[in-house]
Amino acid sequence: MAFSFGTYRPPILCKATINNNTNHSLEASYIRRAAELADKSAGFSSPHPNFGCVITTAQGKVAGEGYLYAQGTKPAEVMAVEAAGAGSRFATAYLNMEPGDCHGDHSAVSALVQAGISRVVVGMRHPLQHLRGNSIRALRSQGVQVDVLGEDLKSKTLEEAQKTCLLVNAPIICRAASQVPFSVLKYAMTLDGKIAATSGHAAWISSKMSRDRVFELRGRSDAIIVGGNTVRKDNPRLTARHGGGHMPVRIVMTQTLNLPEEANLWDVSDVSTIVVTQRGARRSFQKLLASKGVEVVEFDILNPRDVMEYFHDRGYLSILWECGGTLAASAISAGVIHKVFAFVAPKIIGGKNAPSPVAELGMVEMSQALDLLDVYYEQVGPDMLISGFLQPLPDVTPVIPSVDETFAIDPTVTPHESSIIFFYKAWDPYGAFSNFSPHPIQMPDKNGDYATWLSVEHYYQVRSDWDTVKIDVMYRALKCKFSIYPHLNSMLLSTAGSVLVEASPHDLFWGGGRDGEGLNYLGRLLMRLRSEFLGESSTSSESSCLAV
């Protein structure tokens, strides 16, 4: 990938010298500030990540700051460079995340290079694989020193700073890893664990200060989900009227579509409402909703997982669940809830049949209870806000199976910069690397006579001594396959610099396993063969030059 950002190239600084003299506490404070700036755009920039940038001079003075205000506005790096002006020259830029808003957009990198930034400190690499590492490589190719937390800079202080970067972009990290939007379950309950009285009355459990915080949470979300029971009993508006954020879409999830004809959510003059329901439910009522401008989406089987996958495909990043206990339990059981915000009011309402925040989960022992991670306590007026993750933030760093052995085979691949090419089934883009691809090979049989085998898989299955010679036999079979088919040879050579992983989730010898725990011998043998072919090509080229 070529980049051209003008003639200026900042001086290449000695990395070892900088790292030895860096004040990690100061570096961490700038990264945290970049993350704090990025967080200002939560809700506005969706479906894009949240970006923040802090530029400091050699004397440690902040020269400029910026963040991506909303989609379609200037990148954080451009804003910071403009604010810093001449102070950008030979300065250091601190980014909460590697730039990369969309493929082919290099405005952030261009701004940093042209401004004369000499060093960039990155809190985390881009979580999307097609953008991951692109801007870092581009900056380094222009002579800018780039230090990535956890790779080039390591300490406990910086690890904590990196965590803030991860939290700020938790929605896109979860979306990239789990194929569902980042979902937050919010509820308010009394000290004895009730979300309403036995009568169903619930206004108000929490204080006005807590309710204002809920408006802020809404303003950070793409959509709010409630169940049909909430619509029938509370007739909510679900606005972010006091939060200063954007207005999230309202989603009603109802199996039967047993909803009132008149409801605040059917007023779509300011913000849209989507009703998701079972296919075929109350056709006449669907027409009534459509006449009011409410979108109705039908599902063959209505469940939280399918609904979330649907809204993932529509580009939603963050969903706030403000539902009752039955739907909350269903969503938790489906594994789509990532974080919980519980407002606990110092009140006791009692009631054997009063509803609780989460209904039946099928647990019978306390040892089965779900523990929150990274729990945070905050007093909000008279109430206590308890928040935490139901599941850890996924690590989107590509996992390379048998990493040490892989790098020993091919020193051109590196842990953080190399792309990973997965192959498994024969119809995959690189499925020709599979043993099952229909490419006949000629190999000796048990008598030493050459015979044609329909695939590599057919050949090695007939070896009675397979367990003792399988690696050597597999390598010779692969060499035959990739030697006699020019297009396969070209495909293999085109992957130079990439790690090859056989993505079988079950074969832990030839494959990489489900979570990278496999030995990946097939991928490693292909990389070894690739290096051999590249070496032969290089030797051939040198011989040709000598002959001339």
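Helices (H or I, at least four residues) and strands (E, at least two) are taken as DSSP runs and numbered from the N terminus, and the legends below use these numbers for a predicted model.

**View 1. Two cis peptide bonds in loops of the predicted model.** Trp204 lies in the loop that connects strand 6 with helix 8 (208–219), and the peptide bond leading from Ala203 to Trp204 is cis, with omega near -5 degrees. A further cis peptide bond runs from Ser46 to Pro47, where omega is near 10 degrees, and Pro47 belongs to the loop between helix 2 and strand 1 (52–56).

**View 2. The contact of helix 2 with helix 6.** The axes of helix 2 (residues 24–39) and helix 6 (residues 156–168) come within 9 Å of each other and cross at roughly 5 degrees, which makes helix 2 roughly parallel to helix 6. On the side of helix 2 the contact includes His24, Ala28, Ile31, Arg32 and Asp39, while helix 6 contributes, among others, Leu158, Ala161, Cys165 and Val168. Sorted by character, the residues of this contact comprise eight nonpolar, four polar and three charged.

**View 3. An open sheet of nine strands with mixed pairing.** The strands follow the order 10-9-8-7-11-6-12-14-13, and the twist from one strand to the next averages 20 degrees. Strand 10 (295–299) and strand 13 (373–380) form the edges, and because each has a single partner strand, one side of each is left without a neighbour in the sheet. Strand 8 (residues 249–254) pairs with strand 9 (residues 273–278) in the parallel sense over five bridges, with Val276 in strand 9 as the bridge partner of Met253. Helix 11 (residues 304–313) lies across several strands, including strand 6 (182–190), strand 7 (223–227) and strand 11 (318–321), and runs at about 130 degrees to strand 10.

**View 4. Positive phi values in the loop between helix 9 and strand 8, at Asn235 and Leu238.** Phi of Asn235 is near 45 degrees, and this residue is partly exposed, with a relative accessible area of 32%. Leu238 has a positive phi of about 55 degrees although it is not a glycine, but Leu238 counts as buried, at 4% relative accessibility.

**View 5. Confidence along the chain, with a mean pLDDT of 86.** Of the residues, 91% score at least 70, and among the elements the mean pLDDT is lowest in helix 1 (residues 15–21), at 42, and highest in strand 12 (residues 339–345), at 97. Over residues 1–21 the pLDDT is below 50, yet this stretch has 39 contacts in the model beyond near neighbours in sequence. Residues 541–548 also stay under 50, and for them the model has zero contacts beyond four places in sequence.

Conventions
Residues are numbered from 1 along each chain as its sequence is written. This is a predicted model: local features need pLDDT of at least 70, side-chain atom pairs count only at pLDDT 80 or more; totals for chains, interfaces and linings use all residues. Side-chain values use heavy atoms; hydrogens and water are left out. Axes are lines fitted to C-alpha atoms, for helices over the stretch in contact, and angles run from 0 to 180 degrees between N-to-C directions. Angles under 35 degrees count as roughly parallel, over 145 as roughly antiparallel, 65 to 115 as roughly perpendicular and the rest as oblique. Contact means heavy atoms within 4.5 Å. Ala, Val, Leu, Ile, Met, Phe, Trp, Tyr, Cys and Pro count as nonpolar, Asp, Glu, Lys and Arg as charged, and the others, Gly among them, as polar. Two strands pair if DSSP finds at least two bridges between them. pLDDT is the predictor's confidence in each residue, from 0 to 100. Buried means under 20% relative accessible area, exposed over 50%, partly exposed in between (1.4 Å probe, protein chains only).
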